[in-house]
Amino acid sequence: MSVGEARPHEAAALHVTGHALYTDDLVVRTRQVLHAHPVAAPHAHARVTRLDAAPAYGIPGVGRVLTAADVPGVNDSGTKHDEPLFPGEVMFHGQAVAWVLGETLESARLGAAAVVAEYEPLPSLVTIADAIAAESFQGARPTMVRGDVDAGLAASTRVFEGVTEFAGQEHFYLETHASLAHVDDDGQVFVQSSTQHPTETQEIVAHVLGLASHQVTVQCLRMGGGFGGKEMQPHGYAAVAALGATLTGRPVRVRLTRQQDMTMSGKRHGFHATWRVGFDDDGRLQALEATLTSEGGWSLDLSEPVLSRALCHVDNAYWIPNVHVQGRIARTHTTSQTAFRGFGGPQGMLVVEDVLGRCAPALGIAPEELRRRNFYVEGQATPYGQPVRHAERIDRAWQQVLDTSEFAVRRKDIDRHNAQNPHSKRGLAITPVKFGISFNFTSFNQAGALVHVYKDGSVLINHGGTEMGQGLHTKMLQVAATAFGLPIERVRLAPTRTDKVPNTSATAASSGADLNGAAVRDACLQILARLVPVRERLDAAATWEDVVRAAYLDRVQLWAAGFYRTEGLSWDATTMSGNPFKYFAYGVAAAEVEVDGFTGGYEVRRVDIVHDVGDSLSPLVDIGQIEGGFLQGVGWLTLEDLRWDSSDGPNRGRLATQAASTYKLPSLSELPADLRVTLLAHATEDGVVHGSKAVGEPPLMLAFSVREALRDAVGAFGPGGIPVELASPATPEAVWWAIERVRR
Ligand code: MTE
Ligand code: MOS
């Protein structure tokens, strides 16, 4: 039985030996490649007054300069028609206004420097505060309402209000954006792209080139990480490569340097939230009124669905009877912010976790008690009206973490440590996660697969999902091997291509295995059904190979296309209500930290996690996802500090943190010294492939435990019982300032 077996990632050996092929590795295997380099604008906001490509052609090796005039189709790289591929108006510092193709990357770079671009600078909005003050918003402004928030606040015995602001996050996938395009004899375009959404990359390439979709094929071998950053953002780079290839007849490669990737591509949305919250005497939430403003950057991209998911997660695991939450998207002159692991969920949940963490001391209730008291129980529904099925799992995971982490004992140890050490304080906190699985946009919840059984009984599978390190392909191999009862070595998986499985959804919303797994299984079951009469004719000793051979001779079709659509979903984006999620994924984490009072520096000493993945398809992969997601969340909340130049100087709008030297990422040294991950037992999920649950994004939000533990430790530097405000990211500097505030 392959499903449920602890197996290494299907390409782990290739990854660690350097044999795994990524898009840009194809360049050295391809002849006559031209390399592309952007002409980057040095303004946050400006009109392009002159663009003269002629001097670039004087640079040896420059083959072609691409400008708006070259676009045969639509000059747009997005789906909202607000993202000109070659802009006449610069909307962020570093935006490409033209691309230069050269025989070498260096000649392309020199060519780009030689292009004469003149600009008329325009006023710019760089921060979310700038945009709110200027009322610069874009897209829909949804409101989610349940009950009567005014009555709820009026009936509350304790009412608090506050502002919670927190930063975005750079994806920092190891592989930067990459595309390699060529044109075949008949003018058809083939694009290799590091994309989570090959179908949409195909559609954008087609509309830029003025071609039909069937003339464009996109393949994604694998990605060296996507994390949401390659859900929408690869399209423009793929289109530049494809346009270059059609104009020159030669293969064209676009691969961003790290600095280009960081300055040009969108990031996690930072948010600004104002809130009013009411509790009863027992600390039970009565009402929440909030306005969430996301920093969307220069264009919409995925900002609207990200905001929807934020509103749908502002409750996290807590029952709030009266809710009125508004959302809006600030339009600023920065990169266009996009999907990032959790897709707005982390941002929504951070608001309520910050509210609870801040209000607990004022209510005189321990934060862990305040949280638990407000958990959903079976029978209750979210503010958007979806029943919280399996709500008891929150409590079960919570109790398990309390027990196995020896929370109560360690709380006493920590109190003792803190009493004895004036300059070093420890903190402990436990936080829950409830995360909805499925795309809010119902149509995306479909998937396809193509399964071939060859005459020798070996199996080749294709499906619509992409591999970005998350182990989707490993799981799909296990699903197919299980269906056929074959050893996994008899099944091979081929790279994702739009000409094999069409009209796919992005591999996103953590739903890759749910959707594609069900489609793969559907295809396998169709084939198996056709083999039943063949097997019946043969004697009991007949092997799989015997059956397959006999079926072929009998002219039985040995391949099938599989399909799956998630049933029972509904979502009304105007009323922000419905049942958008197939189910919720749950998890709980307890974290202990130690903070130094002189520097604000800290260490995460121990983390205990219990996470619900249903019946795991692949436990090693799932534990890897939990550890990785958790640590990526720790990076977002504690270390990673995006800074744009918001001065009025000449570099206004420039991303100041353009490299790993200035942008701090979590690494092995930030991994908790003691990290214990357990999968929740007895967690079969009905109606999902082999009872499993999605795992990709939810664990990121387990990192709230670390932020709350830091808050707890900071509080210990003060007299106790006072609300602690902590900036996000809670860098050592931010922690130091928080300590200063509680000391005063
Ligand atoms: N894990 C790795 N190693 N690399 C990634 O890029 N992306 C995350 C998550 N885990 C990612 C990852 C994101 S944002 C999502 S939505 C899911 O994987 C997507 O894959 P799945 O649907 O197969 O879980
Ligand atoms: Mo993940 S943010 O849904 O790609």
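**Around ligand 1 and strand 11**

Biologist: How far does a polar side-chain atom of Q625 lie from a nitrogen atom of ligand 1?
Modeller: This is a predicted model, where local features need pLDDT of at least 70, side-chain atom pairs count only at pLDDT 80 or more, and totals for chains, interfaces and linings use all residues. Residues are numbered from 1 along each chain as its sequence is written, chains are lettered from A and ligands numbered from 1 in the order written, and side-chain values use heavy atoms, with hydrogens and water left out. A polar contact is a pair of N or O atoms within 3.5 Å (within protein, one must be able to donate a hydrogen and the other to accept it, and residues adjacent in sequence count only if both atoms are side-chain atoms). For Q625 and that ligand nitrogen, the distance is 2.7 Å.

Biologist: What share of the area that ligand 1 exposes alone does the protein bury?
Modeller: Accessible areas come from Shrake-Rupley with a 1.4 Å probe; for residues, only the protein chains shown count as cover. Taken alone, ligand 1 exposes 530 Å², and the buried share of that is 92%.

Biologist: Which residue has a polar backbone atom 2.7 Å from an oxygen atom of ligand 1?
Modeller: On the side-chain front, Q470 puts a polar atom 3.1 Å from a ligand oxygen. The backbone partner is G512.

Biologist: How many polar residues does the shell around ligand 1 have?
Modeller: A residue is near if one of its heavy atoms lies within 4 Å, and 18 residues surround the ligand, with G226, F227, M468, G512 and Q625 coming nearest. Ala, Val, Leu, Ile, Met, Phe, Trp, Tyr, Cys and Pro count as nonpolar, Asp, Glu, Lys and Arg as charged, and the others, Gly among them, as polar. Five are nonpolar and two charged, while the polar count is 11.

Biologist: Why does T507 count as buried?
Modeller: Buried means under 20% relative accessible area, exposed over 50%, partly exposed in between (1.4 Å probe, protein chains only). A polar side-chain atom of T507 lies 2.7 Å from the backbone nitrogen of T466. T507 counts as buried because its relative accessibility is 6%.

Biologist: Which residue in strand 11 stands opposite A181?
Modeller: Strands (E, at least two residues) and helices (H or I, at least four) are DSSP runs numbered from the N terminus, and two strands pair if DSSP finds at least two bridges between them. Strand 10 (178–183) and strand 11 (189–193) pair antiparallel over five bridges. Five of five strand 11 residues are buried, and the one facing A181 is V191.
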